[in-house]
Amino acid sequence: MKCDKCGRKAVIFQRHANRHLCKRHFIEDFERRVRITVRKYKMIEKGDRIAIALSGGKDSVTLAFVLKKLYSKIRDLEFVAITIDEGIEGYRPPTVEIAKKITKELDIEHYIVSFKEYFGMTLDEMVKIGKRKPCTYCGVFRKYLLNKTARELEATKLATGHNLDDETQTILLNFLQADIARLARLIPQRVQEGLVMRIKPLREIYEKEVVVYGLLHDLPMTFDECPYSYFPVRAAVRDFLYEFENKYPGRKFSVLRSFESLIPCLKQMYPQIKLNKCKRCGEPTPKDICQACVLLEELKSQNSSV
Ligand code: SF4
Ligand code: ZN
């Protein structure tokens, strides 16, 4: 197949745009769309210190690479990377190594924070002691450490590697589960005291494109899945969206645009509440005690009763 722009050998077929692109034109298109997304929500501005949440998986590695490539020439802009090591045997160590490698190559300051050091237990140990699902511990503690570390590093934004597939799955999932409060949390650029603003520069890029862009740049990539990964409903939504997109290309963008149209209503329905400081640890929370402290307390009592 040939590139629809220049006739060279195509490396990708973009179903949503009904065109084949060669390496050069695909990379150009990818980077142009990242720039547009970043500009649309003012994700990156002069004076920012951007913390990249770098798990070492394909999305975050591509994110680190493309941000450094597109924005490193801007004065007064800095990048740092944070890797959270949850302590998942066999799965996390190789991605931590990838994160170290890529930050070294890109010359980005890199901080690794582990559950074991901070909470005294790895995720594997929590799972053995506790009664909750692994992803509950993982999600709460990871978000907690990412935000705390980013804030302590004086980051102005926290960039994550969520792509278009992730975003549309989450939007649809929230609708299907009638969890509109959670849907409102996806509104970009929400400012809340104590929480470092999240940005998702790849939110308009298909997952397949992230992979192709990474491979074309020889970025270290792993496709291993976490051994605890068990999301039957999300998997069903993912498969449905995949089929639907295949039949009717571009519908993932429609899902995103529909959500964007609802943002003004969502903001009215869920005006931002002022967060409290957790009475135990001082981190931001809508309650008195943050969820991380609640889970930690629970784990300690379960551990002592073993
Ligand atoms: Fe954590 Fe694995 Fe669950 Fe992802 S799938 S939230 S890495 S436990
Ligand atoms: Zn707390």
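The exercises below, each with a worked solution, concern a predicted model of a protein.

**Exercise 1. Overall form**

Determine how the radius of gyration of the protein stands against the globule rule, and describe the secondary structure and burial that go with it.

Solution. Begin with the secondary structure, which comes to 12 helices and nine strands. The radius of gyration is 20 Å, close to the 19 Å that the globule rule gives for 306 residues, so the protein is as compact as a globular protein of that length. The C-alpha trace spans about 70 × 45 × 40 Å along its principal axes. Turning to burial, 51% of the 306 residues are buried, and the accessible surface comes to about 16,200 Å², of which carbon and sulfur atoms hold 53%. Finally, among the contacts with a separation of 6 or more, 72% are accounted for by residues 24 or more positions apart.

**Exercise 2. The zinc site**

Identify the protein donors of the zinc ion (ligand 2), assign the geometry of the site, and explain which parts of the chain C281 and C293 tie together.

Solution. The first step is to list the donors: the SG atoms of C278, C281, C290 and C293 lie 2.2 to 2.4 Å from the zinc ion. The second step is the geometry, for which four donors count as tetrahedral if all angles lie between 85 and 135 degrees; the angles among the four donor atoms here are 106 to 115°, and the site is tetrahedral. The third step is the spacing along the chain, which follows C-x2-C-x8-C-x2-C. Since C281 lies in the loop between β8 (276-277) and β9 (284-285), while C293 belongs to helix α12 (residues 291-304), the pair ties together parts that are 12 residues apart in sequence. As for exposure, C281 is partly exposed at 28% relative accessibility, whereas C293, at 11%, counts as buried.

**Exercise 3. Two buried basic side chains**

Establish the surroundings of K157 and R203, taking for each the location, the burial and the partner of its side chain.

Solution. K157 is found in strand β6 (residues 157-159), and because buried means under 20% relative accessible area, its 5% relative accessibility places K157 in that class. The side chain of K157 reaches the backbone oxygen of M43 at 3.0 Å. Beyond its neighbours within four places in sequence, K157 is in contact with residues including K42, M43, I44, E45 and V196.

R203 lies in the loop between β7 (197-199) and α9 (207-216), and with a relative accessible area of 1% R203 is likewise buried. Its side chain makes a polar contact with the side chain of E260 at 3.1 Å. Among the contacts of R203 outside its neighbours within four places in sequence are Y41, M43, H162, F259 and E260. M43 therefore appears in the contact lists of both K157 and R203, where contact means heavy atoms within 4.5 Å.

**Exercise 4. Positive phi values**

Locate K42 and D107 in the chain, and state whether each is buried or exposed.

Solution. Most residues other than glycine have a negative phi. In K42, phi is near 45°, a positive value, and in D107 phi is near 60°, also positive. K42 is found in the loop between α1 (23-40) and β3 (49-53), and D107 in the loop between α3 (92-106) and β5 (109-114). With a relative accessible area of 55%, K42 is exposed, and D107 is exposed with 65%.

Conventions
Residues numbered from 1 in each chain as written. Chains lettered and ligands numbered in written order. Predicted model: local features only at pLDDT ≥ 70, side-chain atom pairs only at ≥ 80, totals over all residues. Heavy atoms only, no water. Donors = N, O, S within 2.8 Å, 3.2 Å for Na, K, Ca; no water. Tetrahedral: all angles 85-135°; square planar, octahedral: opposite > 155°, others 65-115°. Helix = DSSP H or I, 4+ residues; strand = E, 2+ residues; numbered from the N terminus. Buried < 20%, exposed > 50% of the residue type's maximum accessible area, 1.4 Å probe, protein only. Polar contact = N/O pair within 3.5 Å; in protein donor to acceptor, adjacent residues only side chain to side chain. Rg over C-alpha atoms; globule rule 2.2 N^0.38 Å. Areas by Shrake-Rupley, 256 points an atom, 1.4 Å probe, with all protein chains shown as cover.
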